[in-house]
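Work through the exercises below with the structure open. Try each task before you read its solution.

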Amino acid sequence: MISLVLILIASLFFMGIIIRTKSITSGRKGPGIFQPMKDIVRLWKKGAVYSETTSFIFQIAPSIYFASILMAVLVIPFGSYGGVISFNGDFVFFAYVLALGKFFSIIGALDTGSSFEGMGASREALYSLLAEPAFFILMGSFALFTGHTSFVDIFTSLHFGTYISYALGILATFILIMIAMIENSRMPIDDPKTHLELTMVHEVMILDNSGFDLGLILYGTHLKFAMYGALIANFFTDSFPFYISIPIFLAVQFIFAIIVGMLESFNARFRMGNNAQFIFTLTSLSLLIFFGVLLILKKII
Amino acid sequence: MSAIAIKNNQQIPVSSIPLVDYHDFLIFNTSLLKLEENHCVNYFGIPKNNTIQLFCCVANDNNQNILISSSIIDKDKPYPSFSEQHVAFEKFEREIHENFGINYTNHPWLKPVRYAYDRQNKSNTITNYPFFKIDSEELHEVGVGPIHAGIIEPGHFRFLCNGEQILHLEIQLGYQHRGIEKLFLNKKRLVERNTLAENIAGDSVIGHTTAFVNLWESLCKFEPSDDILLSRIIALELERIAVHTGDLSGMCTDIAYQLGSSVFGRLRTPIINFFQQWCGNRLGKSLVRVGNNNFPFTNELRTKLIAVLDKFEPDFDEMCKETFHAPTVLGRLEKTGIITNQLGKEIGLVGMAARMTNINRDIRSSHPFGYYTSLAHQPILKGHGDVQSRGQIRREEVKQSINYIRNLLNNIPLKQKEVTTNLQLTPSSFAISLIEGWRGEICHCAITDEKGELIHYKIKDPSFHNWLAVAMSVRNNEISDFPIGNKSFDLSYCGHDL
């Protein structure tokens with residue numbers, strides 16, 4: 001329960017910090033931390049406009065997409081405190097409930113019949129397909145390492161002690177940050193700020209959504225970021241008491257948001273054709289973790 | 001003699017242009033273009049009863065000559081086309097076909113150009129534009145526009161794609177035909193015409209206005225004084241600096257490089273703000289006027305401009321270094337949207353787009369006017385023809401223009417006492433004016449009748465040639481690279497549509 005509350009809190013300011021970081025690095029003052037959230041609330045108060053060419057799928061897709069993210073959030077633990085739902089193999093559930101949401105957002109985009117949205121949908125499908133092995137090799141390695149298959153057990157029994165395991169922790173953090181960027185269609189895979197339909201991935205899929213639905217999709221992104229932030233924070237909040245672990249959690253979210261902002265400020269987006277290659281390198285990095293775990297467990301050599 | 005050779009900004013009696021048979025006219029001009037140093041700067045027709053008098057102007061890059069030839073053809077007869085021999089004529093002939101209904105027997109495809117109000121065939125409308133179509137299950141069409149995502153100007157882009165790969169792009173313009181060329185004839189007062197010239201394309205105010213005033217002054221046999229010429233060249237080079245910098249910002253935006261986007265955007269502002277201080281308009285409107293210098297360049301302005309440039313230059317250098325050394329930026333710019341030298345010559349590219357593929361074509365050096373005659377301008381050339389080359393050209397041209405301005409500022413001539421000259425057009429004359437605007441060669445032509453009234457005014461923006469290059473450059477590129485490729489050319493929609 002505690003993790004759900006904390007993630008919801010983090011989701012309120014996460015995007016604000018990214019935008020603020022980007023503004024400061026480009027020499028502007030930038031909007032307030034809560035501005036993105038205020039925009040979403042404004043959208044929630046509005047009605048939605050539906051194109052006549054769309055069917056009910058387009059109308060239910062945003063809600064299912066959002067619900068899937070919420071479901072995924074429920075399994076995230078906070079240190080040794082399990083999530084609202086916790087069972088063996090819940091990280092598989094986590095990945096596929098997110099995939100279900102993505103599936104609906106993709107068919108929702110296809111439902112509009114726009115050539116742009118089809119293009120965006122195919123790109124998004126490809127990228128999350130490619131990112132999947134990275135996540136599973138990463139979590140699988142940790143499952144192998146700890147001998148447990150649920151998030152909460154994995155994180156409670158992760159002991160960092162040897163140099164290799166520290167290296168693994170850093171690698172895992174990097175991979176999770178990058179997976180979060182891919183899953184949220186942010187730089188360097190996609191540019192959320194662009195106005196050019198032809199270069200968009202996620203933005204072009206939601207061109208037809210408006211009002212409440214759009215608000216849900218946008219808030220979904222915030223929630224997803226905070227969710228991955230919480231996953232990363234779990235590497236650092238072993239079994240400290242609350243007065244230490246909660247500040248650590250918030251600090252990790254804060255630093256994560258700043259890293260995202262920095263990544264988006266000083267890099268250009270990758271060429272679309274190179275994205276697949278880049279995502280594959282994440283998989284090979286997570287293979288490093290896998291081999292590291294094998295080393296620690298003395299399964300090889 | 002099939003043609004008369006004149007220099008830039010020279011006026012000649014219309015009767016001195018040799019009239020030749022269409023067949024000779026065709027052979028003469030197409031064989032001229034077989035030489036690489038020649039390119040067609042303008043080719044247009046004037047209706048006379050049931051005939052059309054065609055004028056073809058071919059400029060030579062090496063000997064400062066512009067060859068003007070002319071032929072009279074019948075409206076109703078079919079004629080062989082120039083485009084069959086040389087694709088650079090393709091658009092000019094489409095325009096002649098659209099305006100007068102001349103049927104070319106072997107033109108590749110006489111598509112509408114800009115849907116002029118007085119076009120021959122009124123049943124051709126923008127809704128039934130004949131797109132190139134393909135019957136295929138595997139390929140798909142993506143249509144973008146006419147409303148641009150960044151709400152700039154209207155233009156429709158139709159892609160034929162194999163997945164993410166572009167096989168073919170067709171660019172359909174003509175959404176905003178204002179009939180500027182006709183307005184030049186209808187508006188009788190000089191100030192109206194001057195203002196019209198300022199509004200041909202909002203990003204080339206100085207370029208188009210300078211072309212207009214040069215043309216007008218040569219038709220009036222008016223010799224502008226040094227202070228007028230100085231103001232014009234400073235304004236033209238400043239416009240180049242401002243737009244190039246803004247384009248670098250736009251290119252950074254399109255590849256989501258936020259740092260470059262915001263810094264170059266900020267750097268453009270002091271330059272256009274200097275125009276505001278100089279003449280009260282950030283785009284330089286009302287600055288360039290025929291036979292007059294309303295806003296002489298004073299020593300006070302000189303101090304201000306030097307201060308602006310001194311602040312601009314170090315920041316610009318630093319940001320360019322940062323941008324053109326960032327691996328992620330280079331990864332997007334290099335080998336994207338390539339135009340080969342060969343293709344560039346076939347299309348008849350002009351201006352910056354020509355120089356990026358190593359075609360030495362720059363009016364400032366090939367047909368210099370005003371202060372450029374003493375500048376000994378050396379065009380900046382790049383060889384790769386990709387987006388990176390177009391970025392680098394901008395970077396170096398900005399530096400070059402700053403140097404030119406600094407040198408010019410060393411010696412500011414005093415404003416001459418205004419001499420009330422009689423700005424009367426010479427009757428029965430033809431004049432041509434070429435200007436190297438920031439985008440490339442701007443060409444204005446005018447013809448007067450026996451009473452000294454304007455009977456034809458012809459404008460050619462560099463975009464007219466170069467749009468074809470955009471369409472060719474994206475072939476086999478990823479569709480997501482189209483925006484950056486398009487921005488790197490930064491062609492004008494209204495300059496094309498007029």
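The model is predicted.

**Exercise 1. The core**

Task: Find which residues touch the most other members of the largest nonpolar core, and which helix gives the most to this core.

Solution.
- Start with the core itself, which has 218 residues.
- Chain A supplies Phe14(A), Leu138(A), Ile179(A) and Met227(A) to the list of residues touching the most other members. Chain B supplies Cys40(B), Cys57(B) and Val58(B).
- Helix H9 of chain A, residues 211–236, gives the most, with 14 residues.
- Both domains of chain B take part: domain 1 (4–113) and domain 2 (180–497) each contribute at least three residues.
- Now take Met227(A). Leaving aside neighbours within four places in sequence, Met227(A) is in contact with Ile7(A), Ala72(A), Val73(A) and Ile76(A).

**Exercise 2. A helix pair in chain A**

Task: Decide whether H7(A) and H9(A) run roughly parallel or antiparallel, and list the residues that make their contact.

Solution.
- Helix H7 of chain A spans residues 163–183. Its axis lies 10 Å from that of H9(A), at an angle of about 175°.
- Angles over 145 degrees count as roughly antiparallel. Therefore H7(A) is roughly antiparallel to H9(A).
- From H7(A), the contact uses Gly169(A), Ala172(A), Thr173(A), Leu176(A), Ile179(A), Ala180(A) and Glu183(A).
- From H9(A) come Lys224(A), Phe225(A), Tyr228(A), Leu231(A), Ile232(A) and Phe235(A).
- Sort the contact residues by class: nine are nonpolar, two polar and two charged.

**Exercise 3. Two domains of chain B**

Task: Describe the side of domain 1 of chain B that touches domain 2 of chain B.

Solution.
- Set the scale with the centres of the two domains, which are 26 Å apart over C-alpha atoms.
- Count the contacts: 25 residues of domain 1 of chain B meet 29 residues of domain 2 of chain B.
- Look for strands on the domain 1 side. E2 (10–13), E3 (38–48) and E4 (51–60) of chain B each supply at least two residues.
- E3(B) has the largest share, six residues.
- By class, this side holds 14 nonpolar, eight polar and three charged residues.

**Exercise 4. Chain A against chain B**

Task: Work out how many residues of each chain are in contact with the other, and which elements of chain A give two or more residues.

Solution.
- 26 residues of chain A are in contact with 25 residues of chain B.
- On chain A, the elements are helix H5 (115–146), helix H10 (242–266) and helix H11 (272–296).
- The chain A side divides into nine nonpolar, 10 polar and seven charged residues.

**Exercise 5. Three loop residues of chain B**

Task: For Ala256(B), Asn476(B) and Val87(B), decide whether each is buried, exposed or partly exposed.

Solution.
- The cut-offs are 20 or more other C-beta atoms within 10 Å for buried and 12 or fewer for exposed.
- Ala256(B) sits between helix H6 (226–254) and helix H7 (258–279) of chain B. Ala256(B) has 26 such neighbours, so it is buried. Its phi is positive, about 60°, although it is not a glycine.
- Asn476(B) falls between helix H15 (463–473) and helix H16 (482–489) of chain B. With 11 neighbours, Asn476(B) is exposed. Its phi is also positive, near 65°.
- Val87(B) is in the loop between strand E6 (78–79) and helix H2 (90–100) of chain B. Its 16 neighbours make Val87(B) partly exposed.
- Finish with the partners of Val87(B). Beyond four places in sequence, Val87(B) is in contact with Glu346(B) and Ile347(B). The C-alpha atoms of Val87(B) and Gly348(B) are 8.2 Å apart, across 261 residues of chain.

Definitions and conventions
Residues numbered from 1 in each chain as written. Chains lettered and ligands numbered in written order. Predicted model: local features only at pLDDT ≥ 70, side-chain atom pairs only at ≥ 80, totals over all residues. Core = buried A, V, L, I, M, F, W, Y, C linked by C-beta atoms within 7 Å. Helix = DSSP H or I, 4+ residues; strand = E, 2+ residues; numbered from the N terminus. Domains from an automatic or database assignment. Contact = placed C-beta atoms within 7 Å. Nonpolar A, V, L, I, M, F, W, Y, C, P; charged D, E, K, R; others polar. Axes fitted to C-alpha atoms, helices over the stretch in contact; angles between N-to-C directions. Parallel < 35°, antiparallel > 145°, perpendicular 65-115°, else oblique.
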